Amino acid sequence: MDSQSCTERAYTAFCIHISGAIPTVDESYPYTGPAVPIGDWIDPTINGNGEGFPHLVEPPAVVPLLSKPTNNINVIALSYIPQGINIHYQTPFGLGIAPSVKWGTSATALDSEATGSSHTYDRTPPCSEVSVTQCSQFYHEVRISGLKSDTTYYYQIPAANGTTASDVLSFTTSRAAGDPTGFTIAVLNDMGYTNAGGTYQQLLKAVGEGVAFAWHGGDISYADDWYSGILPCEDDWPVCYNGTSTEIPPPTPSDYLTPLPAAEIANQGGPLGGDMSVLYESNWDLWQQWMNNITANIPYMVLPGNHEATCSEFDGPGNILTAYLNNNVTNGTAAKSALTYFSCPPSQRNFTAYQNRFRMPGAETGGVGNFWYSFDYGLAHFVSIDGETDFANSPEYPFAADLTGNETSPRANETYVTDSGPFGAINGSYKSNKAYEQYQWLAKDLASVDRTKTPWVIAMSHRPMYSSMVSSYQKNLRAAFEELLLENGVDAYLSGHIHWYERLFPLGANSTIDKASIINNNTYHTNPGVSMTHLINGMAGNIESHSTLSGGILNITAVLDQTHYGFSKLTVLNSTALKWSFVRGDGGIIGDELMLLKKPGSSGGGNSTIPSVALSSTTYVITQTVTAYPTYCPSATTFTQGNSAYTVTAPTTLTITNCPCTLTHTTGSVPASKPTTILGATDLSTAAGSTATGKTINLTGSVPTVGYTSTSSSTPAQVTGAADRVQAASFAGLAGMLGLAAALF
């Protein structure tokens, strides 16, 4: 597109095609690097000649019928839209017709058909120069709306212009807001291709076990590390594979001892020195095709991270990339780093690949594209925030921040390689957070949440607001969004960016620890308007390995794991209890667990409150036999049961394990035909591998039966059975808050 047709050049790093189209890049200055940047000096060819790094491949979403196909469906990915689903699929070449999907409620009766639209960009290199089954350049979106909630539908992508039809696949729509049924989602951040094999296997297992969807908080594929094979290791890198400073946790896998291909250099890649594609676009293809077994089976919701912005974030030793991308000099050096917005090929700037390779419900939820949006699922409202652009002092600058004097557009040397956005309007100064469309959208979105339907509100952006690894971007992110999130009662803020697992204590503004909300190390109360829980989840695995902390752990940090890869499960148990579990990639070991509990009747933000138990004119009596159950003591107390006296010295949650036990309570709601199953004692054990300690609980005597007081207006549960022991749990199990009745129904 002619750059002269751009408007508001001072504010944008892109031009707009047409209304509703994906923004493209600014090309005011020419690109002067190689036609196709290739991160391999020994084998600088697009498809490889076998002399340099191996060119890795992953199977496509659809196996073509022909041995030499002319077109193919290589990627399939699902995402939510309100009351429906978006089916995104990718091909190397166009379809010749509008994309379509056949669908229905039975795998043998796909009686309906939906059509959509396609988009593309001039990727470098084009798919005409790459293997048909390993390349995507055309992106197809088919939306199916007006569907029933929590319902499984079947679909098939038909053949078109040389593609092979897909198998009959399925998707399940989201649960309606307010649906009280518990559910689990997979949360991951910072996942590339290298070091992520264990995480991938555990994700596959979670999909098989029925997680509702995956939520990936940025840094997707690490395509911008295509040049890892041409950057020699630096002394401050924690890992240098196949080099003199190799540091791999023992035992060292044999493939890490394999010599590099002749003349290649040791770098921070994988066991063969690169372990990823040496082309930016092919890394996207490799990762997306690897993830097909996940993205084609459950909705895969994403938000932007810094590694999606452009082809590079920084230069390397000797300023190799400045010489290569600016001057087209291979294996050379430059006197100083001079990477600019115009150093990358046009198709590798301004989040272009990210904008095309996913389709999030920004347009349907008042947000913007794949950058900021929200959606409801059952008892939770999920909010995706862009922590990279579109707020004051964002990590990726708009052109407005590069201007000097009376300039209306920056000179090339005034820009930086990661300059991007803004993707929404700025109604005022770019230095004011409240001037940004994203801020205005977030304020409106949070204020509109109906906490009687979705009492849980979970927000995520790529970068943390707090961490034991302190960085300047954190204060800018807090300045932009923290007050909004706190005043609207957001329960938890999820992030990644730092490549480790870190759980913080509940924090108010200015890193104030909300000590009153800490029940024990593995159980927190929510405290709307005062604090929220921060979870840093950047350990999925990527070519850059783990982050390491050089200083001490701050007092805001409850758990820190700098060793293990993995992802986390977020389980909404009911309206008052939410469980978070860190699932390690090495065998699925639970590395940490946290229970968040709401106080019945507490404000959920705005004018809403969390209800206790809904009452009706009809009373139902519910009886259930369980293998274990939790009960909460809100303060130090002594109580007598039978002939024994018992002492609890601090607020804690106890779990009765000597069951079966029969629980009975009343409710005004019609009970489900199959009552909720209580977790057994093994599900309530202390998290394996946790390095933190909880409060010591002193108990005396034996307990034949234990009762407790419910805060709901319904009859308190009564517990009977042969129990004669009590166990201090590491978190609150399914107790909800103070009433087990609320937890069960």
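# Worked exercises on a predicted model

Ser117 stands opposite Glu141 in strand S8. The exercises below start from this residue pair, and they concern a predicted model, so each solution describes what the model contains.

**Exercise 1.** Place the pairing of Ser117 and Glu141 in its sheet, and explain why S3 and S7 each have one side without a neighbour.

*Solution.* Begin with the two strands concerned: S7 and S8, the latter covering residues 138-145, pair in the antiparallel sense over 4 bridges. Next, widen the view to the open sheet, in which 4 strands follow the order S3-S4-S8-S7 with antiparallel pairing. Strand S3 (75-81) and strand S7 (117-120) stand at the edges and have a single partner strand each, so one side of each is left without a neighbour in the sheet. Finally, from one strand to the next the twist averages 25 degrees.

**Exercise 2.** Determine which faces of strand S21 are covered, and which strands pair with S21 in the parallel and in the antiparallel sense.

*Solution.* First consider burial, for which the cut-off is a relative accessible area under 20%. Strand S21 spans residues 533-537, and 5 of its 5 residues are buried, so the strand is largely enclosed by the rest of the structure. In a regular strand the side chains alternate between the two faces of the sheet. Sorted by face, Thr533, Leu535 and Asn537 lie on one side of S21 and His534 and Ile536 on the other, and all of them are buried, so that both faces are covered.

Then turn to the partners. Strand S17 (residues 492-495) pairs with S21 in the parallel sense over 4 bridges, and within this pairing Leu494 has Leu535 as its bridge partner in S21. Strand S18 (residues 501-504), by contrast, pairs with S21 in the antiparallel sense over 3 bridges, and here Glu502 stands opposite Ile536.

**Exercise 3.** Starting from Leu494, describe the largest nonpolar core and state which helix gives the most to this core.

*Solution.* The largest nonpolar core has 140 residues, and Leu494 is among those with the most contacts inside it, together with Tyr155, Met191, Phe213, Trp215, Phe382 and Leu485. Helix H7 (residues 472-487) gives the most to this core, contributing 6 residues. Looking at Leu494 itself, and leaving aside its neighbours within four places in sequence, one finds contacts that include Val187, Trp215, Ile458, Met460, Leu535, Leu570 and Trp580. Apart from this core lies another, of 6 residues, among them Trp500, Ile536, Leu549 and Leu560. In soluble globular proteins, nonpolar side chains tend to be buried together.

**Exercise 4.** Classify the ring pairs Tyr193 with Trp290 and Phe213 with Phe375, and say which parts of the chain they join.

*Solution.* A pair of aromatic rings is described by the distance of the centres and the angle of the planes. The structure holds 36 aromatic pairs. For Tyr193 and Trp290 the ring centres are 4.9 Å apart and the planes stand at 70 degrees; because an angle over 60 degrees counts as edge-to-face, this pair is edge-to-face. Tyr193 belongs to the loop between strand S11 (183-188) and helix H1 (197-209), whereas Trp290 is in helix H2 (residues 280-290), and the two are 97 residues apart. Trp290 is buried, with a relative accessible area of 9%.

Phe213 and Phe375 also form an edge-to-face pair, at 5.3 Å centre to centre and with 70 degrees between the planes. Phe213 lies in the loop between H1 and strand S12 (214-216), and Phe375 in strand S14 (residues 373-377), so the pair ties together parts that are 162 residues apart in sequence. Both Phe213 and Phe375 are buried, and both belong to a cluster that ring pairs form with Tyr80, Phe183, Trp215, Tyr373, Tyr377 and Phe382.

**Exercise 5.** Decide whether Asn521 counts as buried or exposed, and locate this residue in the chain.

*Solution.* Asn521 lies in the loop between strand S19 (518-520) and strand S20 (523-525), and with 5% relative accessibility it counts as buried. Its C-alpha atom is separated by 8.0 Å from that of Leu594, a residue 73 positions away along the chain.

**Exercise 6.** State how the predictor's confidence runs over residues 1-21 and 610-622, beginning from the mean for the chain.

*Solution.* The chain has a mean pLDDT of 81, and 72% of its residues reach 70 or more. Over residues 1-21 the pLDDT is below 50, although this stretch has 53 contacts in the model beyond near neighbours in sequence. Over residues 610-622 the pLDDT is likewise below 50, with 40 such contacts.

Terms used: Residues numbered from 1 in each chain as written. Predicted model: local features only at pLDDT ≥ 70, side-chain atom pairs only at ≥ 80, totals over all residues. Heavy atoms only, no water. Pairing = 2+ DSSP bridges. Axes fitted to C-alpha atoms, helices over the stretch in contact; angles between N-to-C directions. Core = buried A, V, L, I, M, F, W, Y, C linked by side-chain atoms within 4.5 Å. Buried < 20%, exposed > 50% of the residue type's maximum accessible area, 1.4 Å probe, protein only. Contact = heavy atoms within 4.5 Å. pLDDT = per-residue confidence, 0-100. Phe/Tyr/Trp six-rings, centres within 6.5 Å; stacked < 30°, edge-to-face > 60°.
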